[in-house]
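Subject: The structure for you to look at

Hi,

Here is the structure I promised to pass on. Have a look at it first, then read my notes below with the model open beside them.

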Amino acid sequence: MTRLFGTNGIRGVVNQDMNSTLAMEIGQAYGTYLKNTIPRPTCVIGTDARLSNHMLKSAVTAGFLSTGCDIVDVGVVPTPTLQYTVKEKHFDAGVIITASHNPPLYNGIKGTANDGAELTKDVEEAIEQIYFSKQFLLSDWRTVGRYSTWSGAIELYIKGVLSQVDVSKIKKHHFHVVLDCGNGAGSLVAPLLLKKLGCTVTLLNCEPDGRFPGRHSEPIPENLTGLMKKVSETHASFGVGLDGDADRAIFIDENGSYLWGDKSLSLVGQYMMKKTKGGITVTPVTTSTCFEDVITQNNGKVIYTKVGSPIVAEVMKKNQAVFGGEENGGLIFPAFQYCRDSAMSLVTMLEILASEEKPLSELIAHIPSYEMFKTKISCPNEKKIPVMDRLAEEMKHHKEIIRIDRIDGLKVFMTDGWVLMRPSGTEPIFRVYVEAKQKQKAEQVATYYKNIVDSFIQSG
Ligand code: MG
């Protein structure tokens, strides 16, 4: 079956593949799916700050209402705010109109289950099936859905986030934080949250603006140069950069240095292990070994998953994990909710600094360091499976390999590092990731394995 949902909802270019007809039919399909089990479902809808937010929200809303689902519109909110509202107010489902960190011409539709978590693959497939069959369950005129708005989501969410940390302890430190919301939906939450925690806040790009005039939305180093500069100029305690829908947070230390997501994930993971006295954590196979190092040192255990935050959250739920997340700054705090949450990452980072009473750079220096090397090779989609099969066979004969896992792609372990060969789920490419203790070694191994993958693609 053709897939509609990618790893993070449905995304596309506005008025091309992401248009109002599609949006309305997604609303009808999702509404039909809910009506199969709930007589009168209520769904919460919200958007990020993109210019096409009303167009798509109205279309999705019309679809839901036509199936006899009620809609509560919470306006422009970060994705985790919408997710928390669904869970906390006991709604039956949620929809957020967002394309996360993608450029402004994109937008997307992402569903949320009644516990606030992203939809599982089974549910997405059920909705897709209804969408493609066009068997929408339209309601009688008497039972068409009702539309209402609710303006309390942000206040509810801020109160919830603050309940997760020691506010008075953080307040005593009067931290100075440089906050770069990238003109995204986080602008409506993060500044308020930091003020409530007694922080001095220097704001960068904190006016919601769907054209993203300040910087590109993805919190990668080249997009956070302004933030890094501002942190060193102002001698702030640290900096934080969010993506467009504020589920991911990337930190900048007090010297203005960019901290890779693996490092902040590990620092927070280490702290969570101390707080919960060990426990299970979950992360995708792409995460650096530094995470497993600090988790196991602190009586914890790591379960690895395929790439994608919905699967991480799902495995966390099944295993009663106490913490999890991805290497891109998407951290999940299950005591609060089962989804990536930049506000939770931010307040936890403040609590860590308040507890440890050391600068962020010093805390990060204690996290083990590895060199990661990533490369990609173009590969037609139809060759991906045969290439994977040949690679799996080939690796059995490599003496340097001590362990192979097939969680996502093919991950092979050597005594001093690992290689992950993984076909992309969305693009015609094959990715090769290598981690080793030394940079030169990582590059050398990457070239070696890249050549093997390449020769299989060429000859396959
Ligand atoms: Mg995002």
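Let's start with a single side chain: Glu 427 has a relative accessibility of 36%, so it counts as partly exposed. Its salt-bridge partner is Arg 431, and the closest N and O atoms of the two are 3.2 Å apart. Arg 431 is partly exposed as well, with a relative accessible area of 22%. There is also a network to look for elsewhere: Arg 3, Glu 124, Glu 125 and Glu 128 are joined into one by salt bridges that share partners. Keep in mind as you click around that this is a predicted model.

Now for the overall layout. The domain assignment splits the protein into domain 1 (10–153), domain 2 (157–252), domain 3 (261–365) and domain 4 (371–459). If you want a feel for the scale, the C-alpha centres of domain 1 and domain 4 lie 38 Å apart.

Back to the charged pairs for a moment. As background, side chains of opposite charge can pair when their charged atoms come close. How many salt bridges does a search of the whole structure find? It turns up 23. One of them is between Lys 134 and Glu 25, with the closest N and O atoms 2.5 Å apart. Lys 134 sits in the loop between α4 (121–133) and β6 (147–149), while Glu 25 belongs to helix α1 (residues 20–35), so this pair ties together parts that are 109 residues apart in sequence. Is Glu 25 buried or exposed? Its relative accessibility is 16%, and since buried means under 20%, Glu 25 counts as buried. Lys 134, on the other hand, is partly exposed at 38%.

Another pair to find is Glu 356 with Lys 274, where the closest N and O atoms are 4.0 Å apart. This one links distant parts of the chain too: Glu 356 is in helix α12 (residues 342–356) and Lys 274 is in helix α9, 82 residues apart. Both ends are partly exposed, with relative accessibility of 28% for Glu 356 and 45% for Lys 274.

While you're at α9, follow it from end to end. This helix covers residues 261–276, which makes 16 residues, and it reaches 22 Å from its first C-alpha to its last, close to the 22 Å expected. Most of α9 is covered, with 13 of its 16 residues buried. Right after the helix comes Lys 277, which has a positive phi, near 55 degrees.

Next, the sheet. Five strands make an open, antiparallel sheet in the order β15-β19-β18-β17-β16. The edges are β15 (371–378) and β16 (403–405); each has a single partner strand, so one side of each is left without a neighbour in the sheet. On average, neighbouring strands here are turned by 15 degrees against each other, ignoring direction. Zoom in on β16 and you'll see three bridges joining it to β17 (residues 410–414), antiparallel. Ile 404, for example, has Val 412 in β17 as its bridge partner.

I saved the metal for last. Which residues coordinate the magnesium ion? They are Ser 100 (OG), Asp 243 (OD), Asp 245 (OD) and Asp 247 (OD), at 2.0 to 2.2 Å. Along the sequence these donors follow the spacing S-x142-D-x1-D-x1-D. Two of the donors, Asp 245 and Asp 247, are both buried.

Have fun exploring!

Conventions:
Residues numbered from 1 in each chain as written. Predicted model: local features only at pLDDT ≥ 70, side-chain atom pairs only at ≥ 80, totals over all residues. Heavy atoms only, no water. Domains from an automatic or database assignment. Helix = DSSP H or I, 4+ residues; strand = E, 2+ residues; numbered from the N terminus. Expected span 1.5 Å × (residues − 1). Buried < 20%, exposed > 50% of the residue type's maximum accessible area, 1.4 Å probe, protein only. Pairing = 2+ DSSP bridges. Axes fitted to C-alpha atoms, helices over the stretch in contact; angles between N-to-C directions. Donors = N, O, S within 2.8 Å, 3.2 Å for Na, K, Ca; no water. Salt bridge = Lys/Arg side-chain N within 4 Å of Asp/Glu carboxyl O.
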